[in-house]
Amino acid sequence: MAVKLGILGLGTVGTGTVQLLQDKVGRHPLLQEIDIYRVGVRSLTKPRAVELSPEVITTDLEAIVNDPAVDIVVELMGGLEPARTLILTAINNGKHVVTANKAVISRFGAEIFTSANQAGVYVLLEAAVGGGIPVIQPLKQSLSVNRISAIMGIVNGTTNYILTRMQTEGSEFDDVLADAQRLGYAEADPTADVDGLDAGDKIAILASLGFDGRINREDVYCEGIRQVTKTDIAYSAKLGFVIKLLGIAQHLDTDNSQLSVRVHPTLVPQNHPLASINGVYNAILIEGEPIGQVMLFGPGAGAGATASAVSSDILNLVATLKTNTAKPNPLLACRHQHYSQITPISELVTRFYARFLSKDQAGVIGRLGTCFGNYGVSLESVVQTGFQGELAEIVVVTHYVQEGDFRQALAEIQAMESIDSIPSVLRVL
Ligand SMILES: NC(=O)C1=CN([C@@H]2O[C@H](COP(=O)(O)OP(=O)(O)OC[C@H]3O[C@@H](n4cnc5c(N)ncnc54)[C@H](OP(=O)(O)O)[C@@H]3O)[C@@H](O)[C@H]2O)C=CC1
Ligand SMILES: N[C@@H](CC=O)C(=O)O
Ligand code: NA
């Protein structure tokens, strides 16, 4: 008998998934075993790019998750509510769940996975991170025997698309964002992309898988790309860097007691593997023992790419249902219950790039250097290249320093009479 899907949402990802599942020729034969039984939407009158018979489409999403005939609920609607409640209801009704919703998983994962384990069902989420890139399954399965020390990557397609076009075309932020929305990359509310929150959700999920503990989403430091300007992109290029929004989860010490999980725009050396990942592409660099470095690369957003990830999870569940094993598969289920302790951003040790606008007075660079020195901040390079009107522009790159010390020095510098402003402060990989 065919496995019946109840799909919640028929937007960018929902439409891509239905198209893929309907177009079976040349794909895995298990697709023949799938029946798109119900699809839940908000509006019945909206034009759709897929053909579904009228009895399949409904606005009653609760009826889908409560329908005994539905085997797998595929949540592709986004947002926190009613997505969370519908997922929990489906689980409590004994249905497996596939979701692309990183926002709901990163915030309510503990509740959702605990319920799923109790109900003996799976919640699979390959599409939630890296769009079409297989990264959840590799972390749960193929790489799971490694001791992971770092996961870092470009995990938001919208911001990478924006930064790439700002860099290559000198385009304005707002124009490029509109294009990313038109192409279906951005979230319904693109502030989640631009302010680093979407990447924060994703790195929280990856950290939880790689470092084997739940992550409190509130502990993940998130900074977006609004403050990144064409000027900083140009200075970075001169200094040998490109600016990327990175999600980073890493042990900060050798005894693995300190875990940092964060998102921020980062100056990445031009010869680093992540520096050449452009446009909507995402890449995730995983470091583990004994494997060393693995980089997973591919399209991070968009209908077809994300549908590939969603459909692979559906196929995994169809195979599970068809083999009818009574015991849960520990490589598919969530297996940890404790929360990881996250180190505050003030304790991070990193390099910084900072741009200052100063009155063109003698000795300003010396006073900057002295103030930094008082807080143990040593400078790798200092450049005074340009002027903005009457103000001289000074750019510094520091050696490794504890963030808290660097911020104290900045506060003191900000108060100097000769300093007009500090328009940008960015971390350097
Ligand atoms: N877009 C992408 O590239 C990617 C998206 N994702 C994730 O996939 C999920 C879906 O994203 P996307 O397809 O872009 O979103 P869209 O906004 O394009 O689609 C959302 C769909 O859900 C339906 N919907 C939303 N809220 C409700 C509600 N309260 N009741 C009934 N139906 C509802 C909408 O119905 P209607 O059509 O009637 O308005 C629409 O069909 C999100 O969690 C997103 O983060 C993950 C990876 C990539
Ligand atoms: N808005 C997200 C979509 C995929 O998760 C992105 O731009 O990466
Ligand atoms: Na993925």
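A cavity is a set of grid points where a 1.4 Å probe fits among the protein atoms but cannot get out, and its lining residues are those with an atom within 4 Å of such a point. Keep that picture in mind as you look around this predicted model. The chain has 13 helices and 17 strands, and it comes with two ligands to explore. Here is a tour, topic by topic.

**The chain as a whole**

- The C-alpha atoms fit in a box of roughly 80 × 50 × 35 Å, taken along the principal axes.
- What radius of gyration does the chain have, and what would a compact globule have? The chain has 24 Å, which agrees with the value near 22 Å for a compact globule, because that is what the rule gives for 429 residues.

**Around ligand 1**

- Ligand 1 is surrounded by 24 residues, and the closest are Leu10, Lys46, Arg48, Glu187 and Gly302.
- Try sorting that shell by class: 10 of its residues are nonpolar, nine are polar and five are charged.
- Leu10 takes part through its backbone, where a polar atom is 2.7 Å from an oxygen atom of ligand 1.
- Lys46 uses its side chain instead, with a polar atom 2.7 Å from an oxygen atom of the ligand.
- Glu187 also has a polar side-chain atom that lies 2.7 Å from an oxygen atom of ligand 1.
- How much of ligand 1 does the protein bury? On its own, ligand 1 exposes 890 Å², and the protein buries 86% of that area.

**Around ligand 2**

- Glu187 turns up again here, since the residues around ligand 2 include Lys102, Asn156, Tyr185, Glu187, Asp193 and Asp198.
- Two helices, α6 (157-169) and α9 (197-210), each give at least two residues to this shell.
- The shell's classes are three nonpolar, four polar and five charged residues.
- Which atom of ligand 2 is 2.5 Å from an N or O atom in the side chain of Lys102? The partner of Lys102 is an oxygen atom of the ligand.
- Tyr185 offers a backbone N or O atom, which lies 2.7 Å from a nitrogen atom of ligand 2.
- Asp193 has a polar side-chain atom 2.7 Å from a nitrogen atom of the ligand.
- Taken alone, ligand 2 exposes 250 Å², of which the protein buries 93%.

**Cavities**

- A search of the whole structure turns up two cavities of 30 Å³ or more.
- The largest cavity holds about 50 Å³ of space, and Leu124, Ile136, Lys140, Asp313 and Leu332 are among the residues that line it.
- Helix α5 (residues 136-142) provides the largest share of that lining, with four residues.
- Four residues in the lining of the largest cavity are nonpolar, two are polar and three are charged.
- The second largest cavity holds about 30 Å³, and its lining includes Phe113, Val121, Tyr122, Leu332 and Cys334.
- Which helix gives the largest share of the second lining? The answer is α4 (residues 102-119), which supplies three residues.
- By class, the lining of the second largest cavity has eight nonpolar residues, one polar residue and no charged ones.
- Leu332 is worth finding on your screen, as it belongs to the linings of both cavities.

**The second largest pocket**

- The volume of the second largest pocket is about 490 Å³.
- Its lining has 31 residues, and those closest to its centre are Gly109, Phe113, Ser208, Arg214 and His336.
- Helices α4, α5 and α9 are the elements that give two or more residues to this lining.
- Of these, α4 gives the most, with eight residues.
- The lining divides into 18 nonpolar, five polar and eight charged residues.

**Backbone details to look up**

- Most peptide bonds are trans, and most residues other than glycine have a negative phi. The spots below are exceptions to look for.
- The peptide bond from Glu81 to Pro82 is cis, with omega near 5°, and Pro82 sits in the loop between β4 (72-75) and α3 (83-92).
- Another cis peptide bond joins Glu289 and Pro290, with omega about 15°. Pro290 belongs to the loop between β11 (281-289) and β12 (292-299).
- Where is Asp212? Asp212 lies in the loop between α9 and β8 (221-222), and it has a positive phi of about 60° although it is not a glycine.

Key
Residues are numbered from 1 along each chain as its sequence is written. Chains are lettered from A and ligands numbered from 1 in the order in which they are written. This is a predicted model: local features need pLDDT of at least 70, side-chain atom pairs count only at pLDDT 80 or more; totals for chains, interfaces and linings use all residues. Side-chain values use heavy atoms; hydrogens and water are left out. A residue is near a molecule or strand if one of its heavy atoms lies within 4 Å of it. A polar contact is a pair of N or O atoms within 3.5 Å; within protein, one must be able to donate a hydrogen and the other to accept it, and residues adjacent in sequence count only if both atoms are side-chain atoms. Accessible areas come from the Shrake-Rupley method with a 1.4 Å probe; for residues, only the protein chains shown count as cover. Ala, Val, Leu, Ile, Met, Phe, Trp, Tyr, Cys and Pro count as nonpolar, Asp, Glu, Lys and Arg as charged, and the others, Gly among them, as polar. On a 1 Å grid over the protein atoms alone, a cavity is a set of points where a 1.4 Å probe fits but cannot get out, and a pocket is an open set with protein on both sides within 12 Å along at least five of seven lines; lining residues have an atom within 4 Å of a point. Grid points are joined across faces, edges and corners, and a volume is the space filled by probe spheres set on the points. The radius of gyration is taken over C-alpha atoms; the globule rule is 2.2 Å times the number of residues to the power 0.38.
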